[in-house]
Amino acid sequence: MSKRDYYDILGVSKSSSADEIKKAYRKLAIKYHPDKNPNDKSAEDKFKEAAEAYEVLSNPEKKQRYDHYGHAGVGSSAASGGGYGGGGMNMEDIFSQFGDIFGGGGGSPFESFFGGQQQSRGGRRVAKGSNLRIKVKLTLEEIANGAEKKIKVNKQVTCKTCEGSGAKDRNSVSTCSTCGGSGAVRRVTNTILGQMQTSSTCPTCNGSGSQITNKCNSCHGEGTVRGEETISINIPAGVSDGMQLSMSGKGNAGPNGGIPGDLIILIEEIPHETLKREGNNIVYDLHLSIIDAALGLSAEVPTIDGKAKIKIEPGTQSGKLLRLKGKGIPEINSYQRGDEIIHVNIWTPKALSSEERELLEKLRSSPNFKPQPGKNDKSFFEKMKEYFE
Ligand SMILES: [Zn+2]
Ligand SMILES: [Zn+2]
């Protein structure tokens, strides 16, 4: 299998600065982070691929070798000093690298990591911001067509003063004295099988490996402050009431330069005045006078795309269902679309003038006005079943 070009993977050029390379990798690492893409093999591959590319391009010496000799220049033999094999990095390595990537504050004490220290289990972890939940109300028309909503949300945003590090300046970050920068503390316990060594996240630095000696005045060392962000949300056509969409990385900023949480969008459907939703079909109750039903007419009915004309045949019975194909809600992530079903109701006059009464009295005895239901007429439930099952 031939390897992709490291510059292409990160979307940077040979002349990109170290900072640009770091930024590009940070974006990809957030996008393909396994926490956000559970059980997604292709995301995991991309995550690993980006980590490997960054591992080389962020190291001036390796970058130079790569620029001259390509992948051969940074193969397994070249990486022998470190814990990386030539065939890519394992997840432990990648997460360890995050202490540097997301640690913020240029004075990270972990720059030496690329020199090849092996990270132990339960090593440095990056704090993740909490998820943010918002409700978005949509009309049936918006649901049918998809919608772009710009929503102002109040949330924790990265502190501009310290760029999320929480430290007053470069010199205010030091290696955690409890764990010595590894982010993990080891405990040795005696068991029947001998000594067992367990490792857990360092309680002093919460696994970041660093301590802030002088806190940023704006955020008091948190790395985040309360702020506002206008987020543009693309809602696909076909969503339904109660559905949750998630936008990765759009939640609260992570403390001390950590990974931001996700934005969870709860969909709420605003009921339509005349159209009712039944799965992906739309149901409309059409009321016709006895006269119109008997004589037939061209009627106008509302649909989610505006008005539509339908033909009512002379002699149309109450309860008849008519179908407007494709005038329903699209199925989410599909080209399929539901129908609009028109339920015909014949309106019986409730009050009559003496003149109207006289006219109807004349018709009462006419054999055509005597109900003549067919033996094989389908019941209402049978008809509904045909449409919805
Ligand atoms: Zn520590
Ligand atoms: Zn700050």
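Which helices do the buried residues of H4 pack against? They sit against helix H1 (6-10), helix H2 (18-31) and helix H3 (41-57), where a contact means heavy atoms within 4.5 Å. The model here is a predicted one, in which local features need pLDDT of at least 70, side-chain atom pairs count only at pLDDT 80 or more, and totals for chains, interfaces and linings use all residues. Residues are numbered from 1 along each chain as its sequence is written, chains are lettered from A and ligands numbered from 1 in the order in which they are written, and side-chain values use heavy atoms, with hydrogens and water left out.

Back to helix H4, which covers residues 60-69. Helices (H or I, at least four residues) and strands (E, at least two) are DSSP runs, numbered from the N terminus. The buried residues in H4 are Lys62, Lys63 and Tyr66; buried stands for under 20% relative accessible area, exposed for over 50%, and partly exposed for anything in between (1.4 Å probe, protein chains only). Looking down the axis of H4, these buried residues fall within an arc of 100°, so they line one face of the helix (the arc is that of the directions from the helix axis to the C-beta atoms). On the face turned away from that buried side, H4 carries the exposed residues Pro60, Glu61, Gln64, His68 and Tyr69. At the start of H4, a side-chain oxygen of Asn59 comes to within 2.9 Å of the backbone nitrogen of Glu61. After H4 comes Gly70, with a positive phi near 70°.

Now for the metals. The zinc ion (ligand 1) is held by the SG atoms of Cys176, Cys179, Cys202 and Cys205, at 2.2 to 2.3 Å. Donors are N, O and S atoms within 2.8 Å of the metal (3.2 Å for Na, K and Ca), and water is not among the atoms, so sites may look incomplete. The angles among the four donor atoms of this zinc ion (ligand 1) run from 101 to 114°, and the site is tetrahedral. Four donors get that label if all angles lie between 85 and 135 degrees. Along the chain, the donors of the zinc ion (ligand 1) follow the spacing C-x2-C-x22-C-x2-C. Cys179, in the loop between strand S3 (173-175) and strand S4 (184-191), and Cys205, in the loop between strand S5 (194-201) and strand S6 (210-212), link distant parts of the chain, 26 residues apart. Cys179 is buried at 13% relative accessibility, and Cys205 is buried at 8%.

The zinc ion (ligand 2) has its own protein donors, the SG atoms of Cys159, Cys162, Cys216 and Cys219, lying 2.3 Å from it. Here the four donor atoms subtend angles of 104 to 115°, so the arrangement is tetrahedral. The spacing of the donors of the zinc ion (ligand 2) reads C-x2-C-x53-C-x2-C. Both Cys216 and Cys219 are buried.

Two loop residues have a backbone quirk. Glu163, in the loop between strand S2 (147-158) and S3, has a positive phi of about 55° although it is not a glycine. Glu163 is exposed, with a relative accessible area of 65%. His220, in the loop between S6 and strand S7 (224-235), also has a positive phi, near 55°, without being a glycine. His220 is exposed at 58% relative accessibility.

Gln156 belongs to strand S2 and is partly exposed at 22%. Its C-alpha atom lies 8.0 Å from that of Glu228, though the two residues are 72 apart along the chain. The side chains of Gln156 and Arg226 share a polar contact of 3.1 Å, meaning a pair of N or O atoms within 3.5 Å; within protein, one must be able to donate a hydrogen and the other to accept it, and residues adjacent in sequence count only if both atoms are side-chain atoms.

Finally, the structure holds 18 salt bridges, each a side-chain nitrogen of Lys or Arg within 4 Å of a carboxyl oxygen of Asp or Glu. One of them joins Lys250 and Glu229 (3.9 Å, N to O). This pair links distant parts of the chain, with Lys250 in the loop between strand S8 (244-247) and strand S9 (263-269) and Glu229 in strand S7.

Notes: Four donors count as tetrahedral if all angles lie between 85 and 135 degrees; four count as square planar and six as octahedral if opposite donors are over 155 degrees apart and all others between 65 and 115; anything else is irregular.
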